[in-house]
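Biologist: Could you take me slowly through one part of this model? I'm new to reading structures, so plain words please.

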Protein chains: 2
Amino acid sequence: MSTINIIKIGGNIIDHEARLKSFLKDFAALEGPKILVHGGGKIATEIGDRMAIVSQYVEGRRITDAATIELVTMVYGGLINKRIVAGLQAEGCNAMGLTGADGNCVTGQRRPVAEVDYGFVGDLVAGSVNKDFLYSLLESGLTPVLAALSHDGQGAMLNTNADTIAQEVAKALSAQSKTRLVYCFEKGGLLRDIANEFSVIASVDKQQFAQLKKEGIISDGMIPKLDNAFSAIKAGVGSVAIGKAEDLHAIIHGGKGTHIL
Amino acid sequence: MSTINIIKIGGNIIDHEARLKSFLKDFAALEGPKILVHGGGKIATEIGDRMAIVSQYVEGRRITDAATIELVTMVYGGLINKRIVAGLQAEGCNAMGLTGADGNCVTGQRRPVAEVDYGFVGDLVAGSVNKDFLYSLLESGLTPVLAALSHDGQGAMLNTNADTIAQEVAKALSAQSKTRLVYCFEKGGLLRDIANEFSVIASVDKQQFAQLKKEGIISDGMIPKLDNAFSAIKAGVGSVAIGKAEDLHAIIHGGKGTHIL
């Protein structure tokens with residue numbers, strides 16, 4: 001199988017109809033096997049507000065009580081996932097929407113309750129991703145579209161970070177195939193100067209990353225993203241890049257984004 | 001492939017957590033290839049109410065405007081579909097949730113606007129069901145779980161009657177396989193006396209159906225269900241029965257429900 005592209009998109013694309021449509025066109029045009037992983041964007045919060053479900057956050061993570069897991073299952077697994085799948089079908093890409101429960105695709109472990117009870121939140125471990133199942137879909141010419149949801153195997157859905165799902169999927173497939181992982185976010189890549197959109201650092205290795213952290217150039221929000229990226233490279237993912245969804249093809253061809261070395 | 005069971009469940013099961021759990025256990029225990037088709041129940045209306053989306057009906061059919069198709073995509077394709085899929089996974093059944101868009105599984109035709117504009121409602125025609133795709137899932141040991149949603153192939157989801165999806169899936173698979181179609185609903189079958197739960201008519205052929213209609217024994221609500229059932233038999237579905245979800249195994253073994261001849 002030729003290189004498998006695993007692309008993760010976030011709220012800045014999902015929340016904008018025109019940008020999403022344009023991204024789906026670009027994604028559909030990617031040749032070879034590919035997988036899309038998506039988060040939830042602001043839509044879950046908006047719909048939660050309309051339903052008077054109050055979202056609580058601790059350290060940037062949503063506390064997922066029973067009402068909230070139903071909300072995110074509806075919104076991530078239903079509304080957004082099917083919007084993406086139907087949109088890709090319209091572009092001639094044979095997409096197949098999945099949560100972790102479908103085909104037992106991604107099994108999460110409910111986070112142990114320590115100081116905080118995060119509720120229905122799933123963490124991933126080695127073996128969480130059902131790679132044989134993903135391979136069988138890819139081999140049939142299907143394009144898996146994964147929502148940020150795993151399941152616990154005992155009937156419960158679990159809210160699971162989309163970056164983590166993308167990373168674990170890429171790692172799992174790297175045992176047998178060449179893989180490329182692209183995290184799309186709101187910036188053109190890692191910026192040397194946060195105020196300057198054009199200061200994208202084209203590539204970064206672990207040593208440079210440590211140096212940039214030391215110099216305070218990397219913002220707090222970027223650190224877990226880059227930690228994830230280096231962890232993916234270490235686990236055998238062929239290439240990892242970070243950049244704008246609008247630049248998808250240029251990132252893949254190496255002309256844009258920040259490439260992790 | 002041994003006989004494929006296609007089972008349709010409706011609101012009376014979906015709306016009750018304990019009944020749904022019990023049904024999923026029974027369904028998971030069915031041997032051989034199987035497909036579950038589910039409607040939406042009252043949950044979509046309840047969530048719509050909470051979101052202040054007003055459901056309009058004409059002749060018993062929901063008018064599906066832009067807000068309503070988003071609502072039913074969330075609720076049928078997300079909340080209910082994943083509740084069923086995760087529940088089946090917990091019973092050891094490798095379920096795979098699908099809307100019509102996933103794997104281009106069921107393509108609907110948007111209903112032409114005549115006196116009423118039904119909005120995003122899809123009707124099915126010959127060829128609407130992607131049977132090769134369903135076969136490939138069944139052959140991999142997966143159990144497709146279909147929500148009552150088709151897509152138009154141009155990016156829009158379409159609200160589609162679950163009875164019709166079940167019937168068209170059964171018809172499409174009958175070309176190559178033996179099939180059995182079971183419609184589960186709130187009664188034990190076709191009743192000779194609507195006030196008497198024990199007056200189930202064990203079997204009915206087309207002539208008897210005509211006679212029962214003439215005598216006014218069959219209620220208006222049952223007529224389209226039975227018309228569908230006879231149409232399925234005519235199109236080659238091996239057997240068709242109507243009964244209670246609680247009696248699933250007994251219906252399949254011929255001891256309960258109404259069997260269409």
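Which residue stands opposite Val240(B) in E14(B)? I'd like a close look at that spot, and then at what lies around it.

Modeller: Happy to, but keep in mind that this is a predicted model. The residue you want is Ile260(B), which stands opposite Val240(B). Let's start there and work outwards.

Val240(B) belongs to strand E13 of chain B, which covers residues 239-244. Its partner strand here is E14, residues 258-260 of chain B, and the two pair in the antiparallel sense over 3 bridges. Now look at another neighbour of E13(B). Strand E11 (residues 179-185) of chain B pairs with E13(B) in the parallel sense, over 6 bridges. One place to spot this is Cys184(B), which stands opposite Gly243(B) in E13(B).

Go back to Ile260(B) for a moment, as there is another pairing to find there. Ile260(B) is also the bridge partner of Val204(B). That fits with E12(B) and E14(B) pairing in the parallel sense over 2 bridges.

Now zoom out to the whole sheet. In chain B, 8 strands make an open sheet, and if you walk across it you meet them in the order E5-E8-E2-E1-E11-E13-E14-E12, with mixed pairing. At the edges you find E5 (95-98) and E12 (203-204) of chain B, each of which pairs on one side only. There's a helix to notice here too: H5 of chain B (residues 131-139) packs on the sheet. H5(B) touches strands E1 (4-9), E2 (34-38), E5 and E8 (143-147) of chain B, and its direction makes about 160 degrees with that of E5(B).

Next, try the matching spot in chain A. Val240(A) stands opposite Ile260(A) in E14(A), and strands E13 (residues 239-244) and E14 (residues 258-260) of chain A pair in the antiparallel sense over 3 bridges. The open sheet of chain A has 8 strands in the order E5-E8-E2-E1-E11-E13-E14-E12, and its pairing is mixed. E5 and E12 (203-204) of chain A sit at the edges with a single partner strand each, so one side of each has no neighbour in the sheet. As for the helix, H5(A) packs on the sheet, where it touches E1 (4-9), E2 (34-38), E5 and E8 (143-147) of chain A. The direction of H5(A) makes about 160 degrees with that of E5(A).

Finally, see how the two chains meet. 37 residues of chain A are in contact with 37 residues of chain B. Between them the chains bury about 2,700 Å², 66% of it on carbon and sulfur atoms. On the chain A side, Met51(A), Met74(A) and Lys82(A) lose the most area to chain B, together 21% of what that side buries.

There are charged and polar links across this interface as well. The count between chain A and chain B is 4 salt bridges, and Glu70(A) meets Arg83(B) through their side chains in a salt bridge, at 2.9 Å from N to O. The interface also has 12 residue pairs in polar contact. Which parts of chain A give two or more residues to the side touching chain B? They are helix H3 (43-50), helix H4 (66-90), strand E5 (95-98) and helix H5 (131-139) of chain A. H4(A) gives the most, with 15 residues. Sorted by class, that side of chain A has 17 nonpolar, 15 polar and 5 charged residues.

So your starting pair, Val240(B) and Ile260(B), is a good place to begin a walk through the sheet of chain B, whose strand order ends in E13-E14-E12.

Definitions and conventions: Residues numbered from 1 in each chain as written. Chains lettered and ligands numbered in written order. Predicted model: local features only at pLDDT ≥ 70, side-chain atom pairs only at ≥ 80, totals over all residues. Heavy atoms only, no water. Contact = heavy atoms within 4.5 Å. Buried area = accessible area lost by both parts, 1.4 Å probe. Polar contact = N/O pair within 3.5 Å; in protein donor to acceptor, adjacent residues only side chain to side chain. Helix = DSSP H or I, 4+ residues; strand = E, 2+ residues; numbered from the N terminus. Nonpolar A, V, L, I, M, F, W, Y, C, P; charged D, E, K, R; others polar. Pairing = 2+ DSSP bridges. Axes fitted to C-alpha atoms, helices over the stretch in contact; angles between N-to-C directions.
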